[in-house]
Amino acid sequence: MSDDRAALIQQAQQKHEREQLLAQAQEKFARETGVGGVIADGLEEADKMPRDQAARIGLERGVSLGFRPAIQGAAGGLGAFIGNMEKDVPGEGLAERIQRSIKTVPSAYEETRKESVAEEARAVKDRPGYVMAGDLAGNVLTSPLIAAKGLRGALALGGAQGVGRAVSEAESLPEAAVKFGEGLGYGAGGFAAAK
C-alpha cells in the first residue's frame, strides 16, 4: 500500500472517530443543557481552511494574474529536475543525467499544478469572501498596469487573467498550450474591440 493511500485511510479513520466523538458529545450536551448544535458549529469551523491561508491564496491568484497553479506547477517541475540532477547514478554521464531529469518535469508540473488547483477550490469553498478579498487586493497591486494604458490596458490585463486561469486549469501541458492560445485570442479580441 502506498504511503499516500495509507495516509488517506488514516485521515478518513480519524475523521470518522472525530464525528463519533462529536455525536456523543452533542447528545450529552443536549441532554444536560437542552441546547444542541453548539459543538458542531465549532468543529465545522475548525475543519475549514484558515482565513489567512484563504486570503493569501486569493492574493497570490490576483497578483499572478490567475497563473498561480501554473507557476506552482513550474516550480514543482523545476524542483523535480534539480532533485534528479543531484541524484548520482553510477556510470551515468551528464547528458544522461539531464535526459533523466527532464523526463520528470511534466509529471511533477502536472501533479503540483493539480494540488494548487485543488487548494484554490477548497479555499473558494471554505472561505469565498477571503479569497475574493485577497484576489481583489492582488488586482489592486497590479492596477498600475491598468492605469498606464486605460481601457485597452484593462482589457489586456483581463485577457491575461483569463489566459492565466485557463492555463492553470488545463489538465496537461499540451492542453495548457492550447488554452494559453485561446486566452491570448480573447485578450486580443478585447484589445481590438477597444480601438
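Helices (H or I, at least four residues) and strands (E, at least two) are DSSP runs, numbered from the N terminus. Keep that in mind and colour your view by secondary structure: you should find ten helices and zero strands. What you have open is a predicted model, where local features need pLDDT of at least 70, side-chain atom pairs count only at pLDDT 80 or more, and totals for chains, interfaces and linings use all residues. Residues are numbered from 1 along each chain as its sequence is written, and side-chain values use heavy atoms, with hydrogens and water left out.

**Stop 1: the inside**

Buried means under 20% relative accessible area, exposed means over 50%, and partly exposed is in between (1.4 Å probe, protein chains only). Of the protein's 195 residues, 25% count as buried.

Now select A70, Y109, V163, V167, A170 and A176: these six make up the largest nonpolar core. (A nonpolar core is a set of buried Ala, Val, Leu, Ile, Met, Phe, Trp, Tyr and Cys residues joined through side-chain atoms within 4.5 Å.) Next, pick M49, A54, I57 and V131, which are among the five residues of a second, separate core.

**Stop 2: charged pairs**

Side chains of opposite charge can pair when their charged atoms come close. The term here is salt bridge: a side-chain nitrogen of Lys or Arg within 4 Å of a carboxyl oxygen of Asp or Glu. The structure holds eleven of these salt bridges.

Show D135 and R61, whose side chains meet in a salt bridge (3.2 Å, N to O). D135 sits in helix α7 (residues 128-141) and R61 in helix α3, so this pair ties together parts that are 74 residues apart in sequence. D135 is buried at 8% relative accessibility, and R61 is buried at 15%.

Then go to R68 and E120, another salt bridge, with the closest N and O atoms 3.6 Å apart. R68 is in helix α4 (residues 68-86) and E120 in helix α6, 52 residues apart.

For a pair within one helix, select R122 and D126: both lie in helix α6, four residues apart, about one turn of the helix. Their salt bridge is 3.1 Å, N to O. Finish here by selecting R56, E60, R61, R68, E119, E120 and D135, joined into one network by salt bridges that share partners.

**Stop 3: helix α3 again**

Which helix holds L59? Click on L59 and you are in helix α3 (residues 51-63). L59 is partly exposed, with a relative accessible area of 33%.
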